[in-house]
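Me: I would like a close look at a single part of this model, the place where the two chains meet. Please describe it in one connected account, and then set it against what can be said of the chains behind it.

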Amino acid sequence: MTLLSIEDLSVVIRRPGRRVAALSGVNLSVEPGEVVGLVGESGGGKSMVARSIVGLLPGGSRTSGRVMFDGADVLTMDAAELEAFRGHGAAICFQNPRGALSPTRTVGRQLVDRLVTHRSLAPAPAREVAAELFESVGIRSPRRRLDAYPHELSGGMAQRVMISLATGCAPGLLIADEPTTGLDVTLTREILNRFRLAANAERRGVLLISHDLASIAEVCDRVVVLYAGTVVESGPGPQVLHEPAHPYTRALLRSVPDIDGRPVTATPGAMPLLTEAPSSCPFAPRCAHATQLCTADLPVAGPLAMDWSAACFHPRSGPLDDSAEPPVPAEIPPAGTVPSAGTATSPGVKESVLRIEDAHVVYRSRFGGGGHHALRGVSLSVAAGERLGVVGESGCGKSTLARVMLGLVQPSRGRVEVAGQALAELRGARLRRLRTRAQLVFQDPIGSLSPRRTVQDAIGEPLRAAGVPAAERASRVARALERMELDPSILGRRPHELSGGQAQRVGIARALVGEPDLIVFDEPTSALDVTVQAQILKVIAEVSGDSSRGSVFISHDLATVRGFCDRVVVLYLGRIVEEGPVEEVFGNPGHPYTRALLSSAPSLGAGYGGPQVELTKDLEEADAAGGCALAPRCPFATDECGEQEQELRPYGASLVACRRAAEIPALIER
Amino acid sequence: MAEASGVREAGADRRFASSLITVGSVILAVVAVAVLFAPLLSSWGPEEIDPLASLAPPGGAHPLGTDLNGMDVWSRVLHAARLDVGIAVAAVALAVVAGSLVGLVAGYRGGWADDVLMRVLDVFQAFPTFILALAVAALLGGGTANLVAVIALVNAPAYARLVRAEVRSIRELPFVEASLTSGSSFWGVLWRHVLPNSLTPVRVIAPLNCGWAMLTLAGLSFLGLGVPLPTAEWGAMISLGSGDVVAGRWWTSVPPGLFLLICVLGFSLLGEGLQERADSTRR
């Protein structure tokens with residue numbers, strides 16, 4: 001029997017002066033024991049579906065259609081029925097677990113309270129049940145964790161607590177709204193497997209909402225793709241993810257960089273915000289296959305095979321990688337071959353635009369004592385024309401490294417040279433001038449623009465600071481804008497009037513306008529939607545191709561780095577653990593940490609071909625006493641690893657900070 | 001069709017806010033007209049004495065009667081608006097500028113500059129506002145310029161704290177770093193990015209503050225520390241007429257009181273409305 005069935009659901013949200021058709025005729029079902037993935041970009045209506053199911057629609061919403069759960073229509077329930085339904089029937093795991101947990105009560109208390117309310121347990125046995133639940137979601141030493149406050153938990157741990165809260169009252173349906181956004185790759189996989197287990201163990205239905213196709217691909221039975229509030233494709237996971245029929249699904253999948261290094265294809269345009277239910281195909285304006293029929297009529301979901309349907313007049317067939325597809329938009333050029341392995345140790349003949357020697361950064365805590373050691377002796381250099389990738393999980397020191405490169409953070413030890421001059425030796429106006437030689441492109445595109453300044457002001461700021469006269473400033477801003485393929489009409493706009501993609505183009509234009517020697521991209525695409533991400537990656541690839549300039553691309557996502565970097569540096573807890581040419585690091589990693597990162601990276605394609613390596617513990621559980629920082633988590637660590645500091649030494653064409661790097665392939669065999 | 005209920009409609013807040021703003025603005029517009037056209041709206045000068053009428057009841061040549069000195073109450077009430085509104089607005093403007101500057105530097109610089117400036121503000125804020133105003137006014141003596149200074153001084157610390165708190169969060173935002181990496185100087189960042197973005201709460205508080213400032217001014221004048229007679233000022237008028245009320249001569253003190261009330265109400269409604277609007281857009 002179907003657990004959840006959504007039939008022809010439409011939601012219109014009305015606000016004064018604004019009207020949004022959030023969902024239009026959505027059909028969707030979840031069976032017991034099934035994991036259904038709901039994917040699409042922001043604005044597609046994913047969260048609105050989740051909210052409809054638990055009756056939490058925003059004010060001013062008008063709904064039509066039915067949301068049938070266990071034979072009852074959720075949309076017509078009264079307050080009391082909804083309350084009962086939310087505890088037992090369906091439960092939600094939110095995107096931001098730490099925000100969804102009450103900060104002033106221990107997590108154990110929050111779970112026990114739920115068990116007492118919804119399962120009518122007495123407090124003492126409820127605590128026992130709570131400890132078991134914690135254990136079942138993979139929380140080690142659960143009894144101790146029951147007394148922890150949310151701020152004492154890491155993001156991954158907090159998400160596990162959320163899952164235990166949601167599953168605790170044995171709901172029939174578990175809804176997870178972007179449960180792994182903001183988590184590291186190694187954790188993402190672990191958390192997603194929890195949902196698979198929740199479906200398998202108790203025949204629960206799971207609705208997994210995500211913008212990230214690659215990561216949910218493995219755990220989903222069926223996938224439903226939303227675009228502008230309509231279901232464009234739904235079907236079994238493998239089919240939809242590997243040979244999608246709807247052009248939008250194909251565009252979406254092609255926009256995602258993959259660790260197997262296949263080219264990313266950008267689709268122009270962005271998702272429309274509909275004010276009325278669409279009367280034609282909402283994807284038609286961006287679609288390469290659109291005909292007159294598409295712009296005149298609304299395609300209905302037509303079955304292609306068992307359980308597989310697409311709302312398209314011209315469904316595609318065949319695998320995604322089929323090169324017979326018309327080559328509509330331009331591809332991102334693959335990484336050039338400018339510098340090679342030799343630059344890892346000596347910057348060769350090319351002039352180096354950035355050189356960092358043995359940089360340490362310690363953030364002192366405000367009230368004396370201790371402090372956080374963010375960088376522990378990082379040395380690297382970037383040559384003109386070179387593209388360096390920096391990867392690592394959150395907390396590894398990536399952002400600190402970016403700040404050091406720009407002189408925003410002074411290293412407590414070590415030396416930073418930009419364009420041949422040491423940052424620490426300059427003061428005042430000369431320091432400011434040197435700072436303009438290196439530019440940063442921020443992770444948060446809109447936040448990095450001053451809310452009260454226009455686009456014109458923002459892009460022109462480096463020029464104004466350099467004292468460029470207004471007329472020349474305007475012409476150079478216009479040129480930068482043109483290079484970003486932005487229309488001059490946006491010059492008078494302010495940041496809140498820009499889309500994420502436009503704002504990031506403005507950010508890149510600002511970095512570019514002063515012709516710097518070095519541009520640092522700090523996670524420039526992680527806040528953007530998938531198809532927009534691909535567009536921005538294309539722009540970045542084009543910009544970083546300038547031979548006079550060095551680029552540093554910082555990301556937690558291995559796949560994006562692979563796309564267009566020449567050389568890669570892997571950071572772990574403030575140290576470089578591996579450094580080498582991109583093909584080497586991805587094809588023949590030396591360090592166990594790099595191997596683990598690659599093993600857990602989600603992939604829709606061939607993925608990482610090498611042997612799988614899994615770290616034995618989560619980061620927050622491992623207290624490194626000394627020696628190799630990875631030793632407490634490393635499956636290959638011996639006693640000696642915990643005693644010796646590891647230094648970078650040659651391994652193939654790379655440098656690897658692991659004394660056992662050469663032995664590891666043999667160890668894995670065993 | 002099912003209507004989602006339970007959550008208050010977002011539009012309601014905004015409509016409430018705009019009605020507050022409208023009412024407040026209309027009141028202030030009327031006051032502004034009175035201030036601008038006071039000489040045209042009254043046939044007597046504010047300090048002109050009618051030797052034939054002292055404490056004359058309303059009616060006839062004096063629509064609101066005359067006071068003890070035989071001055072026309074209607075004319076004085078109108079002309080007093082010029083002084084009261086003028087001093088209050090000037091004082092608040094001065095408080096905003098001075099307070100914001102202190103808050104800006106303290107919040108952005110941090111460290112010892114912050115500590116010193118904030119401790120100085122603590123000293124000012126340790127006294128109840130009105131007592132402080134009384135003390136300083138007694139020290140400086142009366143007069144328009146001094147009154148502006150006194151009222152600005154007692155109100156400035158609040159703006160300094162408000163702006164400092166905003167600045168402290170704004171300086172951590174990415175666009176400030178972006179401006180630094182663009183090569184902007186310290187003052188450039190402060191002036192072009194931090195200041196304009198930190199004034200949002202000031203815009204809400206300032207109109208409310210104008211209302212309070214008028215009350216402080218009237219209070220000082222009532223106690224004899226304000227503008228010297230015979231200049232028309234509401235607080236002084238109330239003070240002069242306060243003895244008449246028991247004798248049944250309400251017209252000497254009630255009209256200035258009512259005008260004061262209406263003005264303060266106008267500023268309060270405008271301020272409340274701006275606050276509501278800021279809250280509803282934040283949500």
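Reply: What follows begins with the contact between the chains and then turns to the parts of each chain for which details are available.

The model is predicted, and local features are described only where pLDDT is at least 70. With that in mind, the contact draws on 32 residues from chain A and 27 residues from chain B, and the two chains bury about 2,600 Å² between them, of which 53% falls on carbon and sulfur atoms. On the side of chain A, the residues that lose the most area to chain B are Arg62(A), Arg452(A) and Glu461(A), which together make up 21% of what that side buries.

As for specific pairings, the rule finds one salt bridge across the interface of chain A and chain B. In that salt bridge Arg403(A) is paired with Glu177(B), and their closest N and O atoms are 2.8 Å apart. Polar contacts between chain A and chain B amount to 11 residue pairs, counting those in which both residues are at pLDDT 80 or more. The elements of chain A that each supply at least two residues to the side touching chain B are β4 (61-69), α14 (428-435), β18 (438-441) and α15 (455-465), and among the contributors α15(A) gives the most, with four residues. Sorted by class, the side of chain A that touches chain B consists of 12 nonpolar, nine polar and 11 charged residues.

Turning to chain B as a whole, one finds 10 helices and one strand, arranged along the sequence in the pattern β-α-α-α-α-α-α-α-α-α-α. The C-alpha atoms of chain B fill a box of roughly 75 × 65 × 30 Å along the principal axes, and 49% of the 283 residues of chain B count as buried. Among contacts in chain B between residues at least 6 apart in sequence, 74% join residues at least 24 apart. A single residue of chain B can be followed more closely: Asp114(B) lies in helix α3 (residues 111-125) of chain B, and Asp114(B) counts as buried because its relative accessible area is 5%, against a cut-off of under 20%. Beyond its neighbours within four places in sequence, Asp114(B) is in contact with Ala106(B), Arg164(B) and Arg168(B).

Two helices of chain A can be described in similar detail. Helix α11 (residues 247-255) of chain A has nine of its nine residues buried, so it is largely enclosed by the rest of the structure; the buried residues include Pro247(A), Tyr248(A), Arg250(A) and Arg254(A). The cover over the buried residues of α11(A) includes α9 (213-216), β9 (222-227), β10 (230-236), α10 (237-242) and α18 (530-543) of chain A.

Helix α5 (residues 123-136) of chain A has 14 residues and reaches 20 Å from its first C-alpha to its last, close to the 20 Å expected at 1.5 Å a residue. In α5(A) the residues Ala126(A), Val129(A), Ala130(A), Ala131(A), Leu133(A) and Phe134(A) are buried, and what covers the buried residues of α5(A) includes α4 (107-119), α6 (142-146) and α7 (155-168) of chain A. After α5(A) comes Gly138(A), whose phi is positive, near 90 degrees.

Note on methods: Residues are numbered from 1 along each chain as its sequence is written. Chains are lettered from A and ligands numbered from 1 in the order in which they are written. This is a predicted model: local features need pLDDT of at least 70, side-chain atom pairs count only at pLDDT 80 or more; totals for chains, interfaces and linings use all residues. Side-chain values use heavy atoms; hydrogens and water are left out. Contact means heavy atoms within 4.5 Å. Buried area is the accessible area (1.4 Å probe) that two parts lose on being put together, summed over both. A salt bridge is a side-chain nitrogen of Lys or Arg within 4 Å of a carboxyl oxygen of Asp or Glu. A polar contact is a pair of N or O atoms within 3.5 Å; within protein, one must be able to donate a hydrogen and the other to accept it, and residues adjacent in sequence count only if both atoms are side-chain atoms. Ala, Val, Leu, Ile, Met, Phe, Trp, Tyr, Cys and Pro count as nonpolar, Asp, Glu, Lys and Arg as charged, and the others, Gly among them, as polar. The expected span of a helix is 1.5 Å times one less than its number of residues. Buried means under 20% relative accessible area, exposed over 50%, partly exposed in between (1.4 Å probe, protein chains only).
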